[in-house]
Amino acid sequence: MIALPQMDFRRTPATLVLAGVIVAIEVVCTIRPEARVNYYNNYFGLLAYVWDGQPWRPFTSSLMHGGILHAAFNTYWLLFFGAALEPRFGSAKFLGLVVLLGYMSMMPQYVIGSYSLEKPVMLVGFSGVVYGLFGIMQVGRKFRPELQYYCDDQVVSLLIAWFFICLALTWAGIFNVANIAHGAGWFFGFVYGQALFNQKQRPIWLAAAILGTVVVLATLIACPGHAAYEQVKLLQHFRAGR
């Protein structure tokens, strides 16, 4: 792997706190395996509760992982890209981008990937956010040459290759990878990157970013046809009629 740059809490507090939360959750779930399902179902996981008054679940679900290697891979790239982007954007703006990318990657995966499933599969991992940060970096390196250090051709080739490897693993039935989250994360990262770095065409890309974000966030309010959404609406109707 490519060596991580030096980091300190004064320059990248949001990145380090997020990484610490991811690691802490995974350590607890590894020591106590029963905690993984408990945390997912009752607190953090992306389930139908998102339409029943718990809208934080798309992001908190991304903080959970399926194992140590999964968490380590995503934490590494969070630290790597965070070291480049957080000092440039500021901690508040960077944290906002990360949270937004969590929603932009997880909700498409949940909506599209489980549209007709009675029981959606467990959806965890920060990789959708990682691919979103990667999309921002791909655009940023064209306009800010200093970002080439963090997103050179080797990094680009590696993450593109990993995307297609994940597609192949899912197709072969070896692993169930959240490929829609990867693709959606990268797409929105690319669009946000254009809006952030492309000064000449900023109005166009900003409009595209706003429109796309509104469309995805709208699924937090209503998602007609989704099996879980329809169940929640039926339950809420039953509650109201009691």
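A residue counts as buried when its relative accessible area is under 20%, as exposed when over 50%, and as partly exposed in between (1.4 Å probe, protein chains only). This is a predicted model, in which local features need pLDDT of at least 70 and side-chain atom pairs count only at pLDDT 80 or more, while totals for chains, interfaces and linings use all residues. Residues are numbered from 1 along each chain as its sequence is written, and side-chain values use heavy atoms, with hydrogens and water left out.

**View 1. Cysteines without a disulfide.** Welcome to C166, which is buried at 3% relative accessibility. Its sulfur lies 17 Å from the closest cysteine sulfur, that of C151, which is too far for a bond. A disulfide here is a pair of cysteine sulfur atoms within 2.5 Å, and the search of the whole structure finds zero. Another residue to look for is C223, also buried, with a relative accessible area of 5%.

**View 2. The largest pocket.** Here you can explore a pocket of about 760 Å³. Its lining has 32 residues, and H70, V124, N176, V177 and A178 lie nearest the centre. The elements giving two or more residues to this lining are α4 (68–89), α5 (91–113), α6 (127–143), α7 (153–171) and α8 (179–197). A pocket is an open set of points on a 1 Å grid over the protein atoms alone, where a 1.4 Å probe fits, with protein on both sides within 12 Å along at least five of seven lines; lining residues have an atom within 4 Å of a point.

Note on methods. Points joined across faces, edges and corners; volume = space filled by probe spheres on them. Helix = DSSP H or I, 4+ residues; strand = E, 2+ residues; numbered from the N terminus.
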